[in-house]
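Hi everyone, thanks for coming. Please have a look at the structure on the screen, and I will walk you through it.

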Amino acid sequence: GRVGGLRELLGVLSHPELRPRLVMMSCSWFALSFGFYGFSVWGPSYFKARGFETGSTYQAITASVLCQLPGTALAALLVESVGRRVLLVAFAVGCLVTVSGVAIFPSHTLMLLFSFALNFCTAALWAITYTHTPEVFPTHVRTTCMGVCSCVARVAGIIVSVMGGSLLATSLEASIGSYAVAYGIVAILSFVMKVDMTGKNLSQASSFNDERSHHHEEQQQHHQQQSESDGTTLLAARSV
């Protein structure tokens, strides 16, 4: 229940190995959501600000979104052979470069090409993130940690829905540039966090499992010894 989930979360936050993982993964999800939803929500406004007509704007957005399909497919093909961490850094840098291209180059053609590449990279980045995140946490706290990351991502989506427009009122480049910063944070966090479970057994995700198992074994031994002691006492009482 809720109490159990809260207990597991407190256990993660008090664990020296899992706490930094949860903090870094939550920050990564926040930054990724900020960059992705920012461009998704305010994309039409950016195209219009660059002189695209209404019809052309939504055609461009639709074509950009379609580029997410091959991005997801490529991520699925490479995730086991290349590794999660390498792909996270690579696609995050790809997002940083492409969204910066959208901000820097005013040409309609270049804006379209960079937006296509951006959607390709963001789809791949999300696919790898969804694969990587649950793997770095032990089984019994995996859903709790995923829930925290998902909640943080939604908060970022809400914030960028307001902040993107506020920055756009000041400068289109500043608004889009904030997403470049967000993707840069994702790249840095992915590089700094050394955990990569590619090709490994998920039971190796943390020593937290070993500690819980050891504690459980100690409890079982204690109960067994207590039962034996009670049985010995009872027999002695009967013999008297």
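How much space lies in the largest cavity? About 100 Å³. Please keep in mind that this is a predicted model.

Before we step inside, here is the overall picture. The chain has nine helices and zero strands. If you read from the N terminus on, the elements run α-α-α-α-α-α-α-α-α. There are 240 residues in the chain, and buried residues make up 42% of them. Take the contacts between residues at least 6 apart in sequence: 82% of those join residues at least 24 apart.

Now, back to the empty space. Rolling a probe the size of a water molecule over the atoms shows where empty space is left. Counting cavities of 30 Å³ or more gives two.

Let's take the largest cavity and go around its wall. The lining is made of Met24, Met25, Ser28, Arg85, Leu88, Thr129, His132, Val186, Leu189, Ser190, Met193 and Val195. Which helices each supply at least two of these residues? They are H2, helix H5 (84-104), helix H6 (108-135) and helix H8 (172-192). As for chemistry, seven of the lining residues are nonpolar, four are polar and one is charged.

I'd like to introduce two residues from that wall. Ser28 sits in helix H2, which covers residues 18-49. Is Ser28 buried or exposed? Its relative accessibility is 7%, and the cut-off for buried is under 20%, so Ser28 counts as buried. Beyond its neighbours within four places in sequence, Ser28 is in contact with Val186 and Leu189. Val186 and Leu189 are also among the residues lining the largest cavity.

The other residue is His132, which belongs to helix H6. His132 counts as buried because its relative accessibility is 3%. What does His132 touch, if we do not count residues up to four places away in sequence? The list is Met25, Arg84, Leu88, Met193, Val195 and Asp196. Of these, Met25, Leu88, Met193 and Val195 appear in the cavity lining too.

On to the second largest cavity, with a volume of about 50 Å³. Around this one you will find Gly35, Phe36, Phe39, Ser40, Leu118, Asn119, Thr122 and Tyr183. H2 and H6 each supply at least two residues of this lining. The largest share comes from H2, with four residues. Here the lining splits into four nonpolar, four polar and no charged residues.

Two of those lining residues lead us to Gln68, which has its place in helix H4. Gln68 is in contact with Phe36, Asn119 and Ala123, leaving aside its neighbours within four places in sequence. Phe36 and Asn119 are the ones that also line the second largest cavity. How far apart are the C-alpha atoms of Gln68 and Leu118? They are separated by 8.8 Å, although these positions lie 50 residues apart along the chain when counted from one to the other.

Let me show you another pair of that kind. Ala103 is found in helix H5, and with a relative accessible area of 7% it is buried. Ala103 and Gly177 are 74 residues apart in sequence, while their C-alpha atoms are 6.6 Å apart in space. Not counting residues up to four places away in sequence, Ala103 touches Arg50, Glu173 and Ile176.

Last stop: helix H3, residues 54-66. At 1.5 Å a residue, its 13 residues should span 18 Å, and the end C-alpha atoms are 19 Å apart, which agrees. Which residues of H3 are buried? They are Thr57, Ala60, Ile61 and Ser64. These four cover an arc of only 100 degrees around the axis, so they lie on the same side of H3. There is a simple background to that: an α-helix has 3.6 residues a turn, so residues three or four places apart point the same way.

And what do the buried residues of H3 pack against? Their partners are H2, helix H4 (68-78) and H6. On the face turned away from the buried side, H3 carries the exposed residues Gln59 and Leu66.

To finish, let's return to the cavities for a moment. There are two of 30 Å³ or more, and H2 supplies at least two lining residues to the largest as well as to the second largest. Thanks for listening!

Notes
Residues numbered from 1 in each chain as written. Predicted model: local features only at pLDDT ≥ 70, side-chain atom pairs only at ≥ 80, totals over all residues. Heavy atoms only, no water. Buried < 20%, exposed > 50% of the residue type's maximum accessible area, 1.4 Å probe, protein only. Contact = heavy atoms within 4.5 Å. 1 Å grid on protein atoms, 1.4 Å probe; cavity = no way out; pocket = protein on both sides within 12 Å on 5 of 7 lines; lining within 4 Å. Points joined across faces, edges and corners; volume = space filled by probe spheres on them. Nonpolar A, V, L, I, M, F, W, Y, C, P; charged D, E, K, R; others polar. Expected span 1.5 Å × (residues − 1). Arc of directions from axis to C-beta.
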